[in-house]
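Here are a few exercises to work through with the model open beside you. Try each task before reading its solution.

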Amino acid sequence: MTALALKNLKKRFASTDVIRGVDLAIDDGEFVVFVGPSGCGKSTLLRMISGLEDITSGELYIGDRLVNDVQAARRGVAMVFQSYALYPHLTVRDNMGFGLKVRKVPAAERERRVNEAAATLKLDALLHRYPRELSGGQRQRVAIGRAIVGNPEVFLFDEPLSNLDAELRVHMRSEIAALHNRLKTTMIYVTHDQIEAMTLADKIVVLRDGLVEQVGSPRELYERPGNLFVAQFIGSPKMNVLPAQAATHLSPAAQVPSSAESVGIRPEHLSVTGPSEVGLRGKVTLNEYTGAVTLTHIQSSDAQPILALDDGREVTRLGSDVCLTAEAGNLHYFDKQGLRVAADAA
Ligand SMILES: Nc1ncnc2c1ncn2[C@@H]1O[C@H](COP(=O)(O)OP(=O)(O)OP(=O)(O)O)[C@@H](O)[C@H]1O
Ligand SMILES: [Mg+2]
C-alpha cells in the first residue's frame with residue numbers, strides 16, 4: 001500500500017521557487033532518506049509533508065487521503081527535529097506525554113503510551129528527569145519518544161543526529177534502524193551523512209535545486225547512478241570523472257559507448273601500481289594516511305586530478321610515478337548532458 005504520494009508538489013516563497021515539482025511514491029513501512037546539497041529543499045519538503053509549511057501547488061496524499069488542506073495535528077505524522085525542542089521545565093515523562101495531553105487523551109491512556117515508548121527507547125529509568133539532566137543521545141531519544149506516543153502513520157526526521165558526537169551518532173543510527181524494524185512505520189529521514197543514508201534507507205531520494213535527481217535503493221544509486229550529479233553525490237570520497245578516452249587506459253577490456261563524453265570511476269575501484277605497460281599514467285601529488293586506508297591524490301599525465309584509495313604501500317610514495325587500472329565493470333559512462341549511458345556489449 002502506498003503510504004505517501006507527492007504529485008507535482010511545489011513551494012514558492014515570495015518570488016523564489018524552492019520545490020519545483022516533486023513526484024514521489026512511498027510504500028507503507030518504507031524507510032526513505034532525502035539527501036542533497038544544502039539549500040536544495042529537503043527541510044522544506046519535510047515541513048510541507050508535516051503541515052508546518054503550506055503547499056503552493058500539487059497534491060499530497062497520506063494513505064489515500066488528500067491532505068493539502070488538513071492541519072498538521074490531523075495528518076498522522078510526527079516530526080523529530082535536529083534541535084530536540086524539548087520543554088526544559090517538564091520532566092521526560094511530561095515531555096513525552098505533552099502532545100497527548102493537548103489532544104485530551106485520558107490520563108491512563110497517556111500513561112500507558114508513555115511507558116510503552118519509554119520501554120522501547122530504554123528511557124524507563126529517566127522518566128522523572130529534566131532535559132538538562134540528560135545526555136545529548138538521551139535527549140534525542142526523548143524527542144523520538146514524543147513522536148512515538150502519538151502513534152503516527154509516518155515519522156519525519158530532519159537531521160536528528162547532527163548535534164551528537166561521532167560515537168553517539170553511530171549508536172543512535174543503529175537504534176533508529178532497530179526502531180524501524182520494530183515499529184515498521186513509514187519513515188522519512190533527512191541527512192547530510194552518507195553512511196546514515198546508505199545504511200538506513202530502503203530508498204534514497206537525491207534532491208537538487210527543488211527537483212528529484214534520482215530515486216533508488218542505496219545499491220542502485222551506488223552501482224548505477226543515473227547522471228553525473230548523483231554519481232558524484234553518492235559515495236565518499238566522490239567518484240572521479242575523466243574524459244571518456246581515459247577508459248581504455250584504465251581498462252584495456254573497456255567497451256566505450258560512442259556517445260560517452262566522460263567516464264567515472266570510484267576511488268575505491270582504482271588499483272595503483274608502479275610504472276607499467278598498461279594503465280593510466282600519473283604522479284602521486286599527496287598522500288593522506290587515515291589508518292585503514294590511504295587517500296592517494298594523483299595527477300594523470302594529461303593533468304587530471306584523480307583520487308585513489310589504497311592500503312598505502314611503497315609504490316604510492318609522494319612524487320612517484322604510478323599506473324592506474326580498473327575493472328571494466330566498475331566504469332560508469334556519461335554523455336554530453338551528463339546522463340548515464342550503458343557500456344556497449346562486447
Ligand atoms: N521561509 C522562507 N522564506 C524564504 N526562503 C526560504 C524559507 N525557508 C527556506 N527558504 C529557502 O528555501 C531553500 C531550501 O531551504 P531548505 O531549508 O529546505 O534547504 P535544505 O535542503 O533543508 O538545506 P540544509 O541541508 O542546509 O538544511 C533555501 O534556498 C532557503 O533559503
Ligand atoms: Mg534542512
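**Exercise 1: Two domains and their interface**

Task: find how many residues of domain 1 and of domain 2 are in contact, then describe the interface.

Solution. In this predicted model, 7 residues of domain 1 are in contact with 9 residues of domain 2. Begin with the bounds: domain 1 spans 2-227 and domain 2 spans 237-345. Their C-alpha centres lie 38 Å apart. Next, take the area: the two domains bury about 610 Å² between them, with 47% of it on carbon and sulfur atoms. On the side of domain 1, Y222, P225 and N227 lose the most area to domain 2, together 68% of what that side buries. By class, this side of domain 1 has 3 nonpolar, 2 polar and 2 charged residues. Finally, check the pairings: the rule finds 0 salt bridges across the interface, while 4 residue pairs are in polar contact, both residues at pLDDT 80 or more.

**Exercise 2: A helix and its surroundings**

Task: decide which residues of α1 are buried.

Solution. Apply the cut-off first: buried means under 20% relative accessible area. In α1, the residues that pass are K42, T44, L45, L46, M48, I49 and S50. That is 7 of the 9 residues of the helix (residues 42-50), so α1 is largely enclosed by the rest of the structure. Now step past the end of the helix: G51 follows, and its phi is positive, near 100°.

**Exercise 3: Neighbours in one loop**

Task: compare K184 and T185; is each buried or exposed?

Solution. Locate them first: K184 is in the loop between α5 and β8, and T185 lies in that loop too, between α5 (166-183) and β8 (186-190). K184 has a relative accessible area of 59%, so it is exposed. T185 is buried, because its relative accessibility is 12%. To see what surrounds T185, leave out residues up to four places away in sequence: T185 then touches G29, E30, P152, E153, V154, F155 and H180.

**Exercise 4: Backbone geometry**

Task: what is the phi of K122 and of K184, and which bond joins S236 and P237?

Solution. Start from the usual expectation: most residues other than glycine have a negative phi, and most peptide bonds are trans. K122 has a positive phi near 55°, and phi of K184 is likewise positive, near 55°. K122 sits in the loop between α3 (107-120) and α4 (136-149), and counts as exposed because its relative accessibility is 59%. Turning to the peptide bond, S236 and P237 are joined in cis, with omega about -5°. P237 belongs to the loop between α8 (228-233) and β11 (240-243).

How values were computed. Residues numbered from 1 in each chain as written. Chains lettered and ligands numbered in written order. Predicted model: local features only at pLDDT ≥ 70, side-chain atom pairs only at ≥ 80, totals over all residues. Heavy atoms only, no water. Domains from an automatic or database assignment. Contact = heavy atoms within 4.5 Å. Buried area = accessible area lost by both parts, 1.4 Å probe. Salt bridge = Lys/Arg side-chain N within 4 Å of Asp/Glu carboxyl O. Polar contact = N/O pair within 3.5 Å; in protein donor to acceptor, adjacent residues only side chain to side chain. Nonpolar A, V, L, I, M, F, W, Y, C, P; charged D, E, K, R; others polar. Helix = DSSP H or I, 4+ residues; strand = E, 2+ residues; numbered from the N terminus. Buried < 20%, exposed > 50% of the residue type's maximum accessible area, 1.4 Å probe, protein only.
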